[in-house]
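Work through the exercises below with the sequence and the coordinates at hand, and try each task before reading its solution.

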Amino acid sequence: MPTKEEEEKGVVSGEFPLTPIRTQRVEIRNTPPKLLDLLTPWECEKVMTASDVSHYGAVVLGREHIQRHWGLDWTALNRGTQVAVTIRDVETRTDHNLLLRKTLEDVFLLHNNWLKDFVFRRNLKEGDTIGMYWNRTSSSICFSVLKRATGMRME
């Protein structure tokens, strides 16, 4: 930034502004980001649909499920490129490598071994509720079965 004296000299000599003006686009949110509750950290919850647990082989996640502050490659996702993500199952303490892709309909598909690693291994059914949150330490998505369709709570 020029000093007041430099600015005045620039106006008198006709060389104002002294430096090019740069603009920067800033996103302003009306609501602050949700604070992470350590007892219930699940930033998103999803009730499994028939297509999520079927032979289709992917779980469909809406924009409300994938959070902007998650450390994902948003540039690649917005171009339609698949991004490798690690999903950490907090109950079984296992890590699974899946792919995340954004579709033209602005929804996200989590696929590539979804059936084997989650639907079959965790016996997911339509109506089960899963939870996910971003773990900054491990740069992974933490996963848990929060509630079974029968109403039985997972511990």
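**Exercise 1.** Determine which side chains make polar contacts with the side chain of H96, and state whether H96 is buried or exposed.

*Solution.* The side chain of H96 makes a polar contact with that of R121 at 3.1 Å, where a polar contact is a pair of N or O atoms within 3.5 Å, one able to donate a hydrogen and the other to accept it, and where residues adjacent in sequence count only if both atoms are side-chain atoms. A further polar contact, at 3.5 Å, joins the side chain of H96 to the side chain of D117. Turning to the surroundings, and leaving aside residues up to four places away in sequence, H96 touches V85, T86, I87, D89, D117, F118 and R121, contact meaning heavy atoms within 4.5 Å. H96 has a relative accessible area of 9% and is therefore buried, since buried means under 20%, exposed over 50% and partly exposed in between, with a 1.4 Å probe and protein chains only.

These values belong to a predicted model, in which local features need pLDDT of at least 70 and side-chain atom pairs count only at pLDDT 80 or more, while totals for chains, interfaces and linings use all residues. Residues are numbered from 1 along each chain as its sequence is written, and side-chain values use heavy atoms, with hydrogens and water left out.

**Exercise 2.** Place H96 in its strand, and then give the order of the strands in the sheet.

*Solution.* H96 lies in β4, which spans residues 94–102; strands (E, at least two residues) and helices (H or I, at least four) are DSSP runs numbered from the N terminus. The sheet is open and mixed in its pairing, with seven strands in the order β1-β6-β7-β3-β4-β5-β2, two strands being paired if DSSP finds at least two bridges between them. Because β1 (44–47) and β2 (58–61) each have a single partner strand, they stand at the edges, and one side of each is left without a neighbour in the sheet. At one of these edges, β2 pairs with β5 (residues 108–111) in the antiparallel sense over four bridges, and L61 stands opposite F108 in β5.

**Exercise 3.** Find how many disulfides the chain has, and say whether C44 and C142 are buried or exposed.

*Solution.* With a disulfide taken as a pair of cysteine sulfur atoms within 2.5 Å, the count is zero. C44 is buried at a relative accessible area of 3%, and C142 also counts as buried, at 1%. For the chain as a whole, buried residues make up 37% of the 155 residues.
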